[in-house]
Amino acid sequence: SEMVQKRRELRTALDQAETADREKTAFLGRMSHELRTPANGIVGGTDLLRETHLDGDQEGVLTILEESSARMMRLIEDILAYSEISDRAVKARAEPVDMAALVAGIFLDYQAETAAQGVKLICELPETGGAIVRSDALLMRRMVDKLVSNAVKFTDKGSVTVRLRFPDPGRLKVIVADTGIGIAPPDMQRIFSRFEQADGAKTRARDGIGLGLSTAQELARLLGGHIQAASDLGLGSTFTIDLKVRRLPGPEARRTLPEKLHVLVAEDNRTNRLLIEKMFKNMPQRLVFANDGLQAVEMYRSEPPDVVLMDISMPNMDGIDATRGIRAHEESDRLPRCPIVAVTANASDDDRQRCFEAGMDGFLAKPLRKTHLMETMGRILT
C-alpha cells in the first residue's frame, strides 16, 4: 500500500542519515589524528625554541608561532570533542585529579597570547586543604580549557581568573571570570548552543567555530554537573562549573622526576623522536628508543626500564599489543610493574580507554608539551 511504501522510504532515509552521521564522525576523528602529528612538531619545536636565547625579532616571531599553533590546536580539540559527543563515545573514568596542576597546565597554553595582550592569568586556590578530587582528568581539562579559551578570546585587557572552591566535600565549583566585553542579555539564552556565538557582528574578528561552550556544558553533564553563566555587557562574564566530586585529602604534592631514570621511548616518527630527545636534554635521565612495538618489547625484556613512553600507531606491532606483551612478560617473570604512558595522536576517548584496558598508566595526547610530560611522569613515578 501507499502507507507501507512511505514507511519503507522513511526507513531508507533514516538508515542513510545514520550512515552519513557515522561516516562524518569517523572522518572528523581521523582528521583530528592526522592533524595532531604535524602539530606535534610545531608545538614541541616552539616550546624548545622558547628555552634558547632569542633576540627581540626572534622573540616576536616565536610569539606569533605560539599563538597560531595554540589556536589551531583548540580548533582540533573542538572538532574531536564534537565528534565524540555526537557519537556518544565519551565515558568518564574516576582517577585522582590535581586541579591546581590542571589549571596551571591550561594557563601555560595561553601565556604567549595573554602576555601579548597584557591580560593577567590568575588562579585562586581553596583557602584550606589541597585541590585534589576524584574525577576524569582528561574530560576535566577539556571542560575548563573551553571556558578559559572563551574568556581569553573575549578579554582584551584586565584579567582572566580561575577560582577553585569547595562548598562542601562532595562538590567542586570552578569559577572562570574575565573582564572582557561581556554578553548582552538576549544572547545569554543561546551561548551554549552548538555553532553559536553571541552577536556575530562583534565576534566575527575573533576566532572560533561556536563549539566551545556547548562542548563544555556537555562535558559538565558527563562529569555529573552543569555550567551557569552571568555577565554584564562591557564589564565581563563569569562561568561557574558546579560538579559533584569526591575531594581527596592531603595537600598538593611536589612532583619531581627521580635522578638517573631509564626511559624507553617507543616512537617510529623521526620528528617526534627528536622532540622527545630535546625535551630530556641536559637531564640525567638515560633515554633509549624503539622504532616499533616489537622492538620495544624486545628491549624491555633485555633491560627493563623505569618508565616507557609508548606511541600507539607503529609498524610491525602497535602500542596496544606492545603494552600487552610487556605486561605478560612482567607476569610470567614476576617482575615489578613498569609505568607505561601513552604518547599518541590517537586522542579520542575510545583510544584512551583502549590504552588503559591494555595496561597503561597514563595518557598524553599529541602535541606533547614538555611540562605536561614531566608532570605526568612525576605523578606516576611518585
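This passage describes salt bridges, two helices and several single residues in a predicted model.

The search for charged pairs covered the whole structure and found 19 salt bridges. Several of them share partners. Arg93, Glu95, Asp136 and Arg352 are joined in this way into one network. Within this network, Arg93 pairs with Glu95, and their closest N and O atoms are 3.0 Å apart. Glu95 also forms a salt bridge with Arg352, with a closest N to O distance of 4.0 Å. This second pair links distant parts of the chain. Glu95 belongs to strand 1 (residues 95–98), whereas Arg352 belongs to helix 10. The two residues are 257 residues apart.

The members of the network vary in accessibility. Arg93 has a relative accessibility of 24%. This value lies between the limits of 20% and 50%, so Arg93 counts as partly exposed. Glu95 has a relative accessible area of 14%, which is under 20%, and therefore counts as buried. Arg352 is buried too, at 3% relative accessibility.

Another salt bridge joins the side chains of Glu124 and Arg165, at 3.0 Å from N to O. Glu124 lies in strand 2 (residues 119–124) and Arg165 in strand 4 (residues 158–168), so the pair ties together parts that are 41 residues apart in sequence. Both ends of this bridge are partly exposed: Glu124 has a relative accessible area of 29%, and Arg165 has a relative accessibility of 28%.

Charged groups also meet aromatic rings. Arg93, already seen in the network, places its charged end over the ring of Phe356. The distance to the ring centre is 3.7 Å. Arg247 lies over the face of Phe166, at 3.9 Å from the centre of that ring. Pairs between aromatic rings are another matter. The search of the whole structure found zero of them.

Helix 9 spans residues 319–333 and has 15 residues. From its first C-alpha to its last it reaches 21 Å. This is close to the 21 Å expected at 1.5 Å a residue. At the start of the helix, a side-chain oxygen of Asp318 comes within 3.2 Å of the backbone nitrogen of Ile320. Just after the helix, Arg334 has a positive phi of about 55°.

The buried residues of helix 9 are Gly319, Ile320, Ala322, Thr323, Gly325, Ile326, Arg327, His329 and Glu330. They pack against helix 8 (293–302), strand 11 (307–310), strand 12 (340–344) and helix 10 (349–358). In helix 10, the buried residues are Asp349, Asp351, Arg352, Cys355, Phe356 and Ala358. Two of these names have appeared above: Arg352 is a partner of Glu95, and Phe356 carries the ring beneath Arg93. Gly359 follows helix 10 and has a positive phi, near 115°.

Ala365 and Lys366 offer a contrast in accessibility. Ala365 lies in strand 13 (residues 362–365). Its relative accessible area is 26%, and it is partly exposed. Beyond its neighbours within four places in sequence, Ala365 is in contact with Arg36, Thr344 and Ala347. Its C-alpha atom is separated by 9.7 Å from that of Leu138, 227 residues apart along the chain.

Lys366 lies in the loop between strand 13 and helix 11 (370–381). Lys366 has a relative accessible area of 4%, which is under 20%, so this residue counts as buried. The side chain of Lys366 makes a polar contact of 3.0 Å with the side chain of Glu267. Not counting residues up to four places away in sequence, Lys366 touches Arg36, Asn40, Met73, Glu267, Asn272, Asp311, Val343, Thr344 and Ala345.

Two serines complete the account. Ser237 lies in strand 7 (residues 236–244). Ser237 is buried, with a relative accessible area of 4%. Its side chain makes a polar contact of 2.9 Å with the side chain of Ser231. Residues up to four places away in sequence aside, Ser237 touches Val176, Ala177, Asp178, Gly182, Ile183, Ala230 and Ser231.

Ser193 lies in the loop between strand 5 (171–178) and helix 5 (200–203). Ser193 is partly exposed, at a relative accessible area of 31%. The C-alpha atoms of Ser193 and Gly212 are separated by 9.6 Å. These two residues are 19 residues apart along the chain.

Technical notes
Residues are numbered from 1 along each chain as its sequence is written. This is a predicted model: local features need pLDDT of at least 70, side-chain atom pairs count only at pLDDT 80 or more; totals for chains, interfaces and linings use all residues. Side-chain values use heavy atoms; hydrogens and water are left out. Helices (H or I, at least four residues) and strands (E, at least two) are DSSP runs, numbered from the N terminus. Buried means under 20% relative accessible area, exposed over 50%, partly exposed in between (1.4 Å probe, protein chains only). Contact means heavy atoms within 4.5 Å. A polar contact is a pair of N or O atoms within 3.5 Å; within protein, one must be able to donate a hydrogen and the other to accept it, and residues adjacent in sequence count only if both atoms are side-chain atoms. The expected span of a helix is 1.5 Å times one less than its number of residues. Rings of Phe, Tyr and Trp (its six-membered ring) pair if their centres lie within 6.5 Å; planes under 30 degrees apart count as stacked, over 60 as edge-to-face and the rest as tilted. A charge sits over a ring if NZ of Lys or CZ of Arg is within 6 Å of the ring centre and within 35 degrees of the ring normal.
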